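Trainee: Can you walk me through this one? I'd like to start with how the chains meet.
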2 protein chains.
Amino acid sequence: MRKLRITELNRITPEEFKAARKLPLVVILDDIRSLHNIGSVFRTSDAFCIERIYLCGITAVPPHPEIHKTALGAEFTVDWKYVKNTVDVIEELKQEGYMVYSVEQAEGSVMLHELVLERDKKYAVVMGNEVKGVKQGVIDHSHGCVEIPQYGTKHSLNVSVAAGIVIWEIFNKLRFL
Amino acid sequence: MRKLRITELNRITPEEFKAARKLPLVVILDDIRSLHNIGSVFRTSDAFCIERIYLCGITAVPPHPEIHKTALGAEFTVDWKYVKNTVDVIEELKQEGYMVYSVEQAEGSVMLHELVLERDKKYAVVMGNEVKGVKQGVIDHSHGCVEIPQYGTKHSLNVSVAAGIVIWEIFNKLRFL
């Protein structure tokens, strides 16, 4: 099988991206410490055309050379906004009709593959700090928790990998509704 | 929803992991340059109980402090082997009955969500270099290419995110067969 050249991938331009129909999904980064992880989430969000990223708390914002290293320019295509208080974003999104899920291991969390989405609804997912996860106070304002089932010895996945899996799964579920 | 404490996650011990039934999936890392990415793939592979990681070409091997930073000990639980030549691993796995897919954008590649897996078959996926992707010579020895559909401006995902999405999707497909 012949590998495709970059020119054959037919990627859209930044202008086309801005105008494109987006996946009804926003990602909220709550106290993400690593610039590498922030950049990586931008890159994934570009690939799946998500609506917007909210950068909250200690999460750094573009432009930043270290974010650029992993975002590779996706920080200029994906819409983003900095809001200090994550709960403010969640309350605003809920008012706008979004279903807000924290990605966390919690009592009564829904396993990601069992998450049922509805056509015409809009969704938001909160990704938490690399060490502490999503804060209990943030979870308390969410509609629920979504958990990536894990079967190994570790307690969690890298946050940019977890975001990738969640965005992919929601992308996949939404387009076949 | 109350967040679970680490002690409530009931993770298995490294000894239990070694003895546990694995997902019939091996991951081949072909010329991965970043120690962060290598460590992250170990951590994801631990979470989904994959069988083994093959580290090939310039891909660094544990123990290494930079791999440890993102693997967080998963480099001691997940079985791994270094083989210089990726094609040698592929040919060996094919002889053992594995279906080998390169994760790459190629002519006639199968979209990840459309990949059909069979019960009782074993699978291997090849993840390529951060800049160059999987080498054409490696693709030529694979049974086929699997592609993560992407709709943004960038040409690819971060390799540890791509590995996470592919491992999650195969994990999810295999357990419901």
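Trainee: How many residues of chain B are in contact with chain A?
Mentor: Bear in mind that this is a predicted model. In it, 49 residues of chain B are in contact with 50 residues of chain A.

Trainee: Which elements of chain B supply at least two residues of that side?
Mentor: Helix 1 (14–19), helix 2 (35–47), helix 4 (74–77), helix 6 (136–141) and helix 7 (159–175) of chain B each do. Strand 7 (144–147) of chain B does too.

Trainee: And by class, what has the side of chain B that touches chain A?
Mentor: There are 20 nonpolar and 21 polar residues on that side of chain B, along with 8 charged ones.

Trainee: What turn lays chain B on chain A?
Mentor: A turn of 180°, with a shift of 0.0 Å along the axis. The RMSD is 0.0 Å. That is therefore the relation of a two-fold axis.

Trainee: What share of the contact residues of chain B recur in chain A?
Mentor: 100% of them recur, and the same surface serves both copies.

Trainee: Let's look at helix 7 of each chain. How do the axes of helix 7 of chain A and helix 7 of chain B cross?
Mentor: They cross at roughly 50°, and the axes come within 8 Å. Helix 7 of chain A and helix 7 of chain B are therefore oblique to each other.

Trainee: Is that crossing right-handed or left-handed?
Mentor: Helix 7 of chain A and helix 7 of chain B make a right-handed crossing.

Trainee: Which residues meet there?
Mentor: From helix 7 of chain A come Ser160(A), Val161(A), Gly164(A), Ile165(A) and Trp168(A). They meet Ser160(B), Val161(B), Gly164(B), Ile165(B) and Trp168(B) in helix 7 of chain B. This contact of helix 7 of chain A with helix 7 of chain B divides into 6 nonpolar and 4 polar residues, with no charged ones.

Trainee: Now inside chain B. At what angle do helix 2 and helix 7 of chain B pack?
Mentor: At about 15°, with their axes 9 Å apart. Helix 2 and helix 7 of chain B are therefore roughly parallel to each other, given that angles under 35 degrees count as such. Helix 2 of chain B passes helix 7 of chain B in a right-handed crossing.

Trainee: Which residues of helix 2 of chain B meet helix 7 of chain B?
Mentor: Asn37(B), Ser40(B), Val41(B), Thr44(B) and Ser45(B). Opposite them, helix 7 of chain B brings Val159(B), Ser160(B), Ala163(B), Gly164(B) and Ile167(B). The residues of this contact of helix 2 with helix 7 of chain B are 4 nonpolar and 6 polar, with no charged.

Trainee: What about helix 2 and helix 7 of chain A, at what angle do they pack?
Mentor: Also about 15°, with the axes of helix 2 and helix 7 of chain A 9 Å apart. Helix 2 of chain A passes helix 7 of chain A in a right-handed crossing. Among the residues that meet are Val41(A) in helix 2 of chain A and Ile167(A) in helix 7 of chain A.

Trainee: Switching to the sheet. What is the strand order in chain B?
Mentor: The order is 3-2-1-6-4-7-5, with 7 strands in an open sheet of chain B and parallel pairing. Strand 3 (80–83) and strand 5 (110–111) of chain B are the edge strands, each pairing on one side only.

Trainee: How many bridges join strand 1 to strand 2 of chain B?
Mentor: 6 bridges join strand 1 (residues 23–30) to strand 2 (residues 50–56) of chain B, and the two run parallel. Asp30(B) stands opposite Cys56(B) in strand 2 of chain B.

Trainee: Which strands does helix 7 of chain B touch?
Mentor: Strand 1, strand 2, strand 4 (98–103), strand 6 (122–127) and strand 7 of chain B. Helix 7 of chain B packs on the sheet, and its direction makes about 165° with that of strand 1 of chain B.

Trainee: Last topic, backbone oddities. Which peptide bond in chain A is cis?
Mentor: The one from Pro62(A) to Pro63(A) is cis, with omega near -5°. Pro63(A) is in the loop between strand 2 (50–56) and helix 3 (65–71) of chain A. In chain B, the bond from Pro62(B) to Pro63(B) is cis, with omega near -5°.

Trainee: Why flag those at all?
Mentor: Most peptide bonds are trans, and most residues other than glycine have a negative phi.

Trainee: So where does Asn10(A) lie?
Mentor: In the segment before helix 1 (14–19) of chain A. Asn10(A) has a positive phi of about 50° although it is not a glycine.

Definitions and conventions
Residues numbered from 1 in each chain as written. Chains lettered and ligands numbered in written order. Predicted model: local features only at pLDDT ≥ 70, side-chain atom pairs only at ≥ 80, totals over all residues. Contact = placed C-beta atoms within 7 Å. Helix = DSSP H or I, 4+ residues; strand = E, 2+ residues; numbered from the N terminus. Nonpolar A, V, L, I, M, F, W, Y, C, P; charged D, E, K, R; others polar. Pairing = 2+ DSSP bridges. Axes fitted to C-alpha atoms, helices over the stretch in contact; angles between N-to-C directions. Parallel < 35°, antiparallel > 145°, perpendicular 65-115°, else oblique. Left-handed = near helix turned anticlockwise from the far one by under 90°. Least-squares fit on C-alpha atoms with pLDDT ≥ 70 in both.
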